[in-house]
Amino acid sequence: MMNADDSSVRVALRIRPQLPREQMEGCHVCTAATPAEPQVVLGGDKAFTFDFLFDMDSSQEQIYGGCTERLIDGCFEGYNATVLAYGQTGSGKTYTMGTGFDVGLADSERGIIPRAVHHLFSGIEERKRLAVEKGLPPPEFKINAQFLELYNEEVLDLFDGARELKQKVKIHEDSAGGIYTVGVTTRQVQSKAEVQLMNSAGVQLVRSCSQDQLEKNFQEDLANITCEIAIKQKLIDELENSQRRLHTLKQQYEQKLLLLQYKIQETQAERDRTFDLRCVTFDPSSSASASSSDGGSEDRARKIKSEYERKLSVMHRELQKLQSAQREHARLLKNQGQYERQLRHLQAEVADMKRTKVRLMKQMKEQQEKNRTNESRRNREIATLKKDQRKQEHQLKLLEAQKRQQELILRRKTEEVSALRRQVRPASGRVQRRGTDQSQDFRSGSGGSRSFSGLNGTRFTHRGRGLLGKMARGKWQRLERRISDVILQRLTICNMETDMNRLLKQREELTRRKEKVVRRRERLLKESCSNAPDQSTAQDPPLAPPLAPPLDPPLAPLGDEVEALSANIDYINDSISDCQANIMQMEEAKDDAADAADVSALIGSCSLAEARFLLDHFMTMAISKGLQAAQSQSQLKELEGRLRQTEVTSATQNQLLFHMLKEKAELNPELDALLGNALHENVDDSSSDESPHSPSADASPLTSDLMKLCGENRSKNKARRRTATQMELLYANTDPAPDSAPEAPLVETPEGGGDMESIYSVLSPGYSSKTPSIVKPLEKRTPEPSPASRRRKVQTATPKEPRQGVISSVSLGKVARQSALACVSVAEGHSKAVLCVDCTNELLFTGSKDRTCKVWNLVTGQEIMALGGHPSHVSSVRFSSSLVFTVSSCFIKVWDIRDSAKCIRTLTSSGQASPSDLCVSGSVSRSVGESQINQVCVNPNGTSLYSAAGNSVRIWDLRRFACTGKLCGHQGPVMCLTVDQTATHHDLVLTGSKDHYVKVFEVPDSPAGSLSSSHTLDPPHYDGIETLLVRGERIYSGSRDNGLKVWDLPSKDLLQQVPAAHRDWVCALGLVPSAPVLVSGCRGGVLKLWSADSLAPLAEVRGHDSPINSICSNGSHLFSASDDRTVKIWRYRGDLEDPVDD
């Protein structure tokens, strides 16, 4: 491309125009371009010369044509090319290079990269087209793309979304001086739209990186301010403590001075009383005794006096010391003003810092909202690009199909034109004679034989005297091809019409099902509305308890079913539209009139000999096709007979199995219960509200269900023979015995047996039956009752018992065996979403929206009891030393499960306790002061219960079931709490609230009144707290902001956080048994495993298809409760190489 004296580097200068802001500020242009020369003058004396110069009025097209277009052309000749944009911030690099990738950008404003991509792919298409026109094989091109960014002296790969987890991109130089990169993602591209899409994704990563950096800076500033606030708050506390100590010392000195002065006065008074008494008791008349004892009295007086003086001197010295200390303390109090000024200054600084912290948090939220808005806009732009690309690909496919169709029509027309030209061409005398001889030989019907290949490989033989004409063979081949095309076209249209009819039937069936479910939902809604006045209200308790519990129609599952049916109907409508469009396209593509005209012209041009030749081939082909059709029909009938025989045999064996199960069930109560539960569940699922009443309803439930399932329903007005024996069932297809009475024939049901699958799913999990349900004897159907009688039967029918729960094992697949967390069992039995779960090594407790709490035996896998009578959903459940605490609305019901399910206490959110079950008896109505209880927790000793209601947590003494105190301090409702113990064996309560904060309360042994929190964990979450967990000296919190945080319990400091741990709310936390692994569950049904020490992600499992509400664990398993009405039991495997033992 370059001459020998030319350099391979070219430098171009572009001068951007002034911005509107610069024009408003009155800025002047300091550059001037020299006309007809690539030279620019700065100011008035400095001139610079470049290879290219583009002034302010230059366009994007001029820049590309002058600088880059030759480089792209050189790439096709084997030259390397590089375009580098260099300049300060705001100089127009992004606009010139075109890396903004805005969707609404005009074509005239496209930069160098989009124009270069268009130029490159246009050159490829042009060179392929020229090669095809010259008859040469088209050249092959392979285009690879990389997208790098140099940021802070670090090379970033913008095609790698997970680049933080990989090693950095490195740049190396080889021995020849070439530069190459290591660790860069290279993608192969096929079209211009694909390059644009990938570049848009790369730019999105650039912007997200800058947004993350900005958010990181905000967080650092917030952390610094929080640290300064903590330090200065500590200084303020120390100054306040110092003031309090000084005032305390002052009071102590004053008290000691008063006490000492009082002692001195008392000592002096005692001394005076002693001497006065001595003077009074001395008798002057007794001179003899006085003279003898005078010396001893004086000695004693001197001793007493010296002792009092010694005491007084000691007291005076102590008084002087106290007075000197009081003077020193008074001097310190005079200097206290300086400390007070310093204290006020620190308090003002702390207040300013708190306001700054609030402002930073507000800025962070605004920046996050802005980032989310930009991200959603970019996602919409990318989706628009993808949609346009799909449209272009669809149009390209349509054009290719039209091109193939046109080529096929053109080829046919060319063949027909050439055939007509050969017919019109004058033949020589020899050719005419040859044709006459051939026609005579053909008429004679004798001579040699000739074989032809017919449709689908069929061989046809024509006997004639001599060779047939080429024209006759050519016409037959054209007719044969035309017949093949018509058959394939009509077969395709027939298959499409069959699919469309099938879709229409499915849509009709789904529409009927949807209407039926909608009617059922409306009926249940009306019944619930009609029963609503019968229920007790919060202000007026009912005069008498209702005869039956109020209906709780499952409106939520019916709504989900309606939505699913609507989605299926929409999908089928789309499929029908596509099928109709395809049929119309094929109908439009075929030209019946032109094809008929072509065939008519071909047949009309045949001579008599050629017509006989074609007729002979048509006869042979018709006979061959008829034979093939007859053979296929015979094979089809034989297969249908085998299928019917297999269905009858399989149904007979199923019926025999049920009779054997009935006999075993009479001796085994557990099997009887399993069969009864399975049949009861199947009947509840399969029977509709309009079905007639069974005539065998008077029999026992197990016998009635077995008789229904086995096809043994008897009509009371028709005599039937006894139940068939096992041998009769085994040989039902053989001839009956001579002495046996004639029986009605056995027929198979058209549908595959849901009843058998229900029983097999209980007895042997994982079994799936594909056989018909049960062979039913022909009998007269019982006429359906009138709607009025059906309503009377529904009203007088007794309510059904709740379904008995069972824990069934789950067979592990290959993927589950290799997973770190494997589901080994599933507990099913609730009719609505499971909201809470608690467990021990032997028992499992689950609370649900169906207003019941079920108790399960983990050893036998059966439901033990169901605790009912709750006024609303059971939102929390806890077990402690034979007592079960269930939360529903504003009530806590205390159950003693040692003997039976008995409610021994009812606690309310306002602190009241009742020895009876208030929810059932209705003796106490819900007052205005009551509030919803969100969660309860029992301390490790089992002596105290903590209930979160409203903005506070109540403390209950379980030894006397009395409310002893309350924990206050939150500004929003307390959503979760957990209890631990301190080193002094005091309760440590941690609460999480909707005000985004986690607070720590230290509860003494005998709490009384309202207690405030000892610590508040900072920084808070960005949304409400949903779950808390304590493990040793670590506190884990999950929030609605999709994030996780771990705190140090002794220091109350934040150790680690994961801002986007899940894609939805973090609703539950748990610990894996015997492993330092944390489990988190979100509203999207995903379980994630984290390292309990570092919060490093370990694994991710799709736990449920619905939100996960609660997680708990015992010594060996993990339990997760979900909205899908199940509780899954999980087992953790630390080493994936070890097998999972169920």
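Is Cys-839 buried or exposed? I looked this up before anything else, and Cys-839 comes out buried, at a relative accessible area of 11%. My cut-offs are under 20% relative accessible area for buried, over 50% for exposed, and partly exposed in between, with a 1.4 Å probe and protein chains only.

**Ground rules.** I'm working on a predicted model, where local features need pLDDT of at least 70, side-chain atom pairs count only at pLDDT 80 or more, and totals for chains, interfaces and linings use all residues. Residues are numbered from 1 along each chain as its sequence is written, and side-chain values use heavy atoms, with hydrogens and water left out.

**Cysteines.** I searched the whole structure for disulfides (a pair of cysteine sulfur atoms within 2.5 Å) and found zero. Why does Cys-839 not bond to Cys-1112? The closest cysteine sulfur to that of Cys-839 is in Cys-1112, 3.4 Å away, and that is too far for a bond. I also checked Cys-963, which is partly exposed at 27% relative accessibility.

**Thr-964.** I found this residue in strand 30, residues 962-967. My helices (H or I, at least four residues) and strands (E, at least two) are DSSP runs, numbered from the N terminus. Thr-964 is buried, at 18% relative accessibility. I then listed its contacts (heavy atoms within 4.5 Å), leaving aside neighbours within four places in sequence: Ile-955, Asp-957, Pro-1007, Ala-1008 and Gly-1009.

**Backbone oddities.** I noted a cis peptide bond from Asp-1018 to Pro-1019, with omega near -5 degrees. Pro-1019 sits in the loop between strand 35 (1015-1017) and strand 36 (1025-1031).

Next I looked at positive phi outside glycine. Ser-882 has phi near 70 degrees, and I place it in the loop between strand 22 (874-880) and strand 23 (883-888). Ser-882 is buried at 17%. Leu-1095 is not a glycine either, and its phi is about 60 degrees. I find Leu-1095 in the loop between strand 42 (1086-1091) and strand 43 (1097-1102), buried at 4% relative accessibility.

**Helix 4.** I ran a length check on helix 4, residues 112-133. The expected span is 1.5 Å times one less than the number of residues. For the 22 residues here that gives 32 Å, and the end C-alpha atoms are 31 Å apart, which agrees. Its buried residues include Ile-112, Val-117, Phe-121, Ile-124 and Ala-131, and Arg-115 and His-119 are also on that list. Just after the helix, Gly-135 has a positive phi of about 80 degrees.

**Salt bridges.** How many salt bridges does a search of the whole structure find? I got 17, counting a side-chain nitrogen of Lys or Arg within 4 Å of a carboxyl oxygen of Asp or Glu.

I pulled up Glu-369 with Arg-372, whose closest N and O atoms are 2.7 Å apart. Both lie in helix 7 (residues 336-424), three residues apart, about one turn of the helix. Glu-369 is partly exposed at 43%, and Arg-372 is partly exposed at 47%. Arg-642 pairs with Glu-638 at 2.8 Å; these two lie in helix 12 (residues 608-667), four residues apart. Glu-638 is partly exposed at 44%. A note to self on the spacing: an α-helix has 3.6 residues a turn, so residues three or four places apart point the same way.

Then I took Arg-1083 with Asp-1064, at 3.1 Å. This pair links distant parts of the chain, 19 residues apart: Arg-1083 is in the loop between strand 41 (1077-1082) and strand 42, and Asp-1064 is in the loop between strand 39 (1053-1058) and strand 40 (1066-1071). Arg-1083 is partly exposed at 35%, and Asp-1064 is partly exposed at 21%. I also logged one network, in which salt bridges with shared partners join Glu-126, Arg-129 and Glu-133.

**Nonpolar core.** I define a core as buried Ala, Val, Leu, Ile, Met, Phe, Trp, Tyr and Cys residues joined through side-chain atoms within 4.5 Å. The largest has 16 residues, and those with the most contacts inside it include Leu-821, Val-1079, Ile-1111 and Trp-1130. Strand 17 (821-828), strand 41, strand 42 and strand 44 (1108-1113) each give two or more residues. Strand 17 gives the most, three. I finished on Ile-1111: leaving aside neighbours within four places in sequence, its contacts include Val-837, Leu-1069, Val-1079, Leu-1087, Leu-1118 and Phe-1119.
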